[in-house]
Amino acid sequence: MITGPPLLILLPLAFASVILLLRRWTPLAALLASATALAMAGLCLGLPLNRPISVLGWQVALGQPMMVLGREFALGIANSLALGFLWLIAAVAFLFAWRIPQGNLFFALGLVILSLLGAAMMIRHFVFAVLFLWVANLVIVFIVQGEQQGLRRGALRYLVMVSLAVPPLLTALWLIDLHAVNPDNPALLRQAVVLLGIGFAILLAVVPFHSWVSALATDAPPIVTAFILTAINTVVILLMLNLLQSYSWLSEDPQVFRLLRLGGASMAVVGGGLALLQRNFSRLMGYAVLSDMGCTLMALGVISSAGLTAAVLQVVHRSVGLLLAAMGLAAVRHQVGSDAFDGLSRVGRRLPIAVAGLVLGGLSLGGMPLTAGFPSRWAIYRLLPGQELGLAMLLSGGAVTLAYLRGLVALLGFSTQGQVKRESIVASLIIVGMIVLCLGLGIFPQWLLSAVQRVAGSFSFLK
């Protein structure tokens, strides 16, 4: 009988080694990577966790735990759905990168990264989860750097920041274990909370630890940026929720949730304000994501199951909008070689589908009505306890929306520059599919509500 953890960790690594050898044959590597990701998503989303099932003649027990050197790996409902979702995002990203190159290492190392992130989510010990996350981030540096000569600022800043987050998190867990043998010393828990806050603030890009997001968006290929921000943000939030679930004294402290709301508000305000000042789409996308991630943290700070549900829905909707914006941006940069507003005149007339994806994805990140980003933002707005937080979220979303509309004006402008090449048919079809999904989730958000409620319901600390 095959259990879930080794299947979900080792199978992608095996295919990654094959794809690494085929990296020079981009179509074959892209199709194999996309098929692998789609198969992994099918395993996570299609197989039951409570009983074994036959797959190609093998008995697979996806939810059965596995012990490795005394450490337990297990797949729960939240982890299963989150991994399935990330594998679906990866499958689309790999397929799109077949036509719009994102670096030869993206396919193989993308599988390795998701395998390591899956291990981080499944291991039942926070210290080792942090170490798996750190190793995944070390691999991420290679796809950020790509084939560029010299260590780029985005790769270097990302490596430094995520490495700085590891010591506070590990020290906090040591203090928590120390408190277990010294229960009369509450100062240990206070220090642990501070260190946990610093570590998670760096990983989630809470102000003032936010500079790595814009640097990453500027230097990494757009699809790579969307892949990294989606995967890392999803896994870090799940690790934080697992920590709150494991330690009742942490989830019962109202100051923890107050810090989440304040940190989220700072991200929303700073992200929206800086987005409004940008004159190129790469940095604009980075700050738009920062603004949207702030809304997610505000929802987590509401201290209710409804807030957690809205936060999970926000993560899903942000991923769709971000991937759509990244696809449009990648197509524009591939054809024009630039994403600065001043150099994109007439591009909208020659690349209408790419521009539609770029702008619509950006408007979704700003929470524009009829896009995927609106239903979750509206739900969060109605749950926020204070008018100041709601105003911060509205102004932030409005700033991001205005920034993308200003970019659209630049894309539709007139210029005497040479003609732009026609769009790739395959890439355009994928962008059209993502546009339909983005609009569909904006109009009918209940499609995903059942799965989102299952994820939120697996955490009992808010009940």
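Which residues form a nonpolar patch on the surface? The model open in the viewer is a predicted one, and the tour begins with this patch.

**Stop 1: the surface patch**

Select Leu370, Leu439, Ile443, Phe444 and Trp447. These residues make up the nonpolar patch, and together they have about 520 Å² of accessible area. Now keep Leu439 alone in the selection. Leu439 belongs to helix α18, which covers residues 425-443. Its relative accessibility is 32%, so Leu439 counts as partly exposed.

**Stop 2: helices α3 and α18**

Keep helix α18 on display and add helix α3, residues 77-99. Two packed helices are described by the angle between their axes and the distance between the axes. Here the axes come within 8 Å and cross at roughly 150 degrees. The two helices are therefore roughly antiparallel, since an angle over 145 degrees counts as such. To see the contact itself, select Val92, Leu95, Phe96, Trp98 and Arg99 on α3, together with Val426, Ala427, Ile430, Ile431 and Met434 on α18.

**Stop 3: helix α16 and its cover**

Next, select helix α16, residues 373-383. Gly373, Pro375, Ser376, Arg377 and Ile380 are buried in this helix. Display the elements that cover these buried residues: among them are α12 (281-300), α13 (305-336), α15 (352-365), α17 (387-411) and α18.

**Stop 4: the salt bridges**

How many salt bridges does the structure hold? There are five, and three of them are visited here.

Stay with Arg377, and add Asp292. These two residues form a salt bridge in which the closest N and O atoms are 3.0 Å apart. Arg377 lies in helix α16 and Asp292 in helix α12, so the pair ties together parts that are 85 residues apart in sequence. Both Arg377 and Asp292 are buried.

Move to Asp342 and Arg279, another salt bridge, whose closest N and O atoms are 3.3 Å apart. Asp342 sits in the loop between α13 and α14 (347-350), and Arg279 in the loop between α11 (254-276) and α12; the pair therefore ties together parts that are 63 residues apart in sequence. Is Asp342 buried or exposed? With a relative accessible area of 67%, Asp342 is exposed, whereas Arg279, at 42%, is partly exposed.

Then select Asp339 and Arg333, which form a salt bridge with their closest N and O atoms 3.8 Å apart. Asp339 counts as buried at 10% relative accessibility, while Arg333 counts as partly exposed at 25%. Finally, add Arg318 to Asp292 and Arg377: salt bridges that share partners join these three residues into one network.

**Stop 5: Ala29**

Select Ala29 in helix α2, residues 26-46. Ala29 has a relative accessible area of 0% and is buried. Beyond its neighbours within four places in sequence, Ala29 is in contact with Ile19, Leu22, Arg23 and Phe107. Add Pro52, which is 23 residues from Ala29 in sequence; the C-alpha atoms of the two are 32 Å apart in space.

**Stop 6: Pro65**

The last selection is Pro65, in the loop between β3 (58-61) and β4 (66-68). Pro65 is partly exposed, with a relative accessible area of 39%. Not counting residues up to four places away in sequence, Pro65 touches Thr3, Glu72, Phe73 and Ala74. Add Met122 as well: Pro65 and Met122 are 57 residues apart along the chain, and their C-alpha atoms are separated by 9.1 Å.

Note on methods:
Residues are numbered from 1 along each chain as its sequence is written. This is a predicted model: local features need pLDDT of at least 70, side-chain atom pairs count only at pLDDT 80 or more; totals for chains, interfaces and linings use all residues. Side-chain values use heavy atoms; hydrogens and water are left out. Patches are made of residues with over 30% relative accessible area and no salt bridge: like charges are joined within 9 Å, nonpolar side chains (Val, Leu, Ile, Met, Phe, Trp, Tyr) within 5 Å. Accessible areas come from the Shrake-Rupley method with a 1.4 Å probe; for residues, only the protein chains shown count as cover. A salt bridge is a side-chain nitrogen of Lys or Arg within 4 Å of a carboxyl oxygen of Asp or Glu. Helices (H or I, at least four residues) and strands (E, at least two) are DSSP runs, numbered from the N terminus. Buried means under 20% relative accessible area, exposed over 50%, partly exposed in between (1.4 Å probe, protein chains only). Axes are lines fitted to C-alpha atoms, for helices over the stretch in contact, and angles run from 0 to 180 degrees between N-to-C directions. Angles under 35 degrees count as roughly parallel, over 145 as roughly antiparallel, 65 to 115 as roughly perpendicular and the rest as oblique. Contact means heavy atoms within 4.5 Å.
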